[in-house]
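Here are my notes on this one, as numbered points. Have the structure open while you go through them.

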Amino acid sequence: MGGHMARNLLNKGIDLVVFDTQASVVDAFASAGAKTASSPKAASADVDAVITMLPSSPHVRQVVTGDKDSVIQSARVRKNYLAMCCFL
């Protein structure tokens with residue numbers, strides 16, 4: 001679901017920075033014009049908004065607050081954040 005959403009944003013001309021634990025996913029988005037990042041922290045460093053598409057709340061918690069490479073480590077004041085969980 002996250003991949004479809006990201007592709008739609010790219011197709012609308014919106015600049016994206018993507019991160020995924022699977023290199024093949026990141027490579028596919030790089031080929032489509034997205035910038036890539038090596039961690040959630042890097043992906044969220046210089047953007048106005050962060051959108052995550054993750055399978056469950058524990059995944060969101062890990063990506064946002066989990067360690068030194070988490071989103072919160074790069075958060076600027078007033079950054080917009082949207083977490084979308086996809087329960088299968």
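1. Start with Lys 68: it is exposed, with a relative accessibility of 63%. Keep in mind that this is a predicted model. Its partner Asp 69 is partly exposed, at 31% relative accessible area. For reference, exposed means over 50%, so Lys 68 makes the cut, while Asp 69 at 31% falls between the 20% and 50% limits.

2. Lys 68 and Asp 69 form a salt bridge, and their closest N and O atoms sit 3.5 Å apart. The cut-off is 4 Å, so this pair qualifies. How many salt bridges does the count come to? Just one.

3. Next, have a look at Asp 46, in the loop that runs between helix H3 (40-44) and strand E3 (49-54). Asp 46 is exposed too, at 71% relative accessibility. In sequence, Asp 46 and Ser 74 are 28 residues apart, yet their C-alpha atoms are 8.4 Å apart in space.

4. Now the largest pocket, which has a volume of about 1,200 Å³. It is lined by 36 residues, and those closest to the centre are Val 18, Phe 19, Ile 51, Thr 52 and Met 53.

5. Which elements give two or more residues to that lining? They are helix H1 (2-11), strand E1 (17-18), helix H2 (23-31), H3, E3 and helix H4 (57-65). E3 supplies the largest share, with six residues.

6. As for the chemistry of the lining of the largest pocket, 24 residues are nonpolar, eight are polar and four are charged.

Conventions
Residues numbered from 1 in each chain as written. Predicted model: local features only at pLDDT ≥ 70, side-chain atom pairs only at ≥ 80, totals over all residues. Heavy atoms only, no water. Salt bridge = Lys/Arg side-chain N within 4 Å of Asp/Glu carboxyl O. Buried < 20%, exposed > 50% of the residue type's maximum accessible area, 1.4 Å probe, protein only. Helix = DSSP H or I, 4+ residues; strand = E, 2+ residues; numbered from the N terminus. 1 Å grid on protein atoms, 1.4 Å probe; cavity = no way out; pocket = protein on both sides within 12 Å on 5 of 7 lines; lining within 4 Å. Points joined across faces, edges and corners; volume = space filled by probe spheres on them. Nonpolar A, V, L, I, M, F, W, Y, C, P; charged D, E, K, R; others polar.
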